[in-house]
Amino acid sequence: MEISSFLLPKAQVSFITSSISMLEALEQLEHHYYSAIPIIDEEGKYVGTLSEGDLLWKLKNTTGLTFENLREVTVNEIQRHVHNESVGIHAQMEDMLTLAADQNFVPVVDDSGIFLGIIRRKDIIEYYTRNITD
């Protein structure tokens, strides 16, 4: 089964751009109660996922960085420690189970790498649960 029917579209997904500040990213995570959030570039392409851990590591490992000057650091300056793999819109649900084991969500992109939305781990698990018990 194609994943498009499980897609939570970009319009309904919170994401950040790589050019915003570390403080703005932190505020987005806090506002939505997320532990990770997709990052897109100015062209709308998926470039990675920022996690709470990435922010903490940056804060810990950057001399002089405090909560007061988080606006001075942009998201593209933050090293990401986990790579959330994306899939193309024409991928099959069968391809999703392995990714869902390691990711809270799977970013979905078009053939040009443009971010289209996500598929949540919850939806993948529900799909497999229904198909195993049927």
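Helices here are DSSP runs of H or I at least four residues long, numbered from the N terminus. On that basis, L26 sits in helix α1, which spans residues 22-32. The model is a predicted one, and the mean pLDDT of the protein chain comes out at 92, with 99% of its residues at 70 or more. Confidence does vary along the chain: among its elements, β2 has the highest mean pLDDT, 97, while helix α3 (residues 96-102) has the lowest, 84.

Helix α1 is a handy place to start. Its buried residues are M22, L23, A25 and L29. These cover an arc of only 160 degrees around the axis, so they end up on the same side of α1. As for what they pack against, the partners of the buried residues are three strands, β2 (16-17), β3 (36-40) and β4 (46-51), plus helix α2 (52-61).

L26 itself has a relative accessible area of 30%; because buried would need a value under 20% and exposed one over 50%, L26 counts as partly exposed. Setting aside neighbours within four places in sequence, L26 still makes contact with L55, F67 and L70. Take L55: 29 residues separate it from L26 in sequence, yet the two C-alpha atoms lie 7.6 Å apart in space. Just past the end of α1 comes a backbone detail, with Y33 adopting a positive phi of about 60 degrees.

Elsewhere in the chain, four strands form an open sheet with mixed pairing, in the order β1-β7-β6-β5. Its edges are β1 (8-9) and β5, each of which pairs on one side only. Within the sheet, β6 (residues 105-109) and β7 (residues 115-120) run antiparallel to each other and are joined over five bridges. Across this pair, P107 stands opposite I118 in β7.

P107 also turns up in the surroundings of N84, a residue in the loop between α2 and β5 (87-88). Not counting residues up to four places away in sequence, N84 touches Y46, T49, Q103, F105 and P107. Despite its place in a loop, N84 has a relative accessible area of 7%, and it is therefore buried, the cut-off being under 20%. Of its contacts, F105 and P107 fall in β6 (residues 105-109), while Y46 and T49 belong to β4 (46-51).

Notes. Residues are numbered from 1 along each chain as its sequence is written. This is a predicted model: local features need pLDDT of at least 70, side-chain atom pairs count only at pLDDT 80 or more; totals for chains, interfaces and linings use all residues. Side-chain values use heavy atoms; hydrogens and water are left out. Helices (H or I, at least four residues) and strands (E, at least two) are DSSP runs, numbered from the N terminus. Buried means under 20% relative accessible area, exposed over 50%, partly exposed in between (1.4 Å probe, protein chains only). Contact means heavy atoms within 4.5 Å. The arc is that of the directions from the helix axis to the C-beta atoms. Two strands pair if DSSP finds at least two bridges between them. pLDDT is the predictor's confidence in each residue, from 0 to 100.
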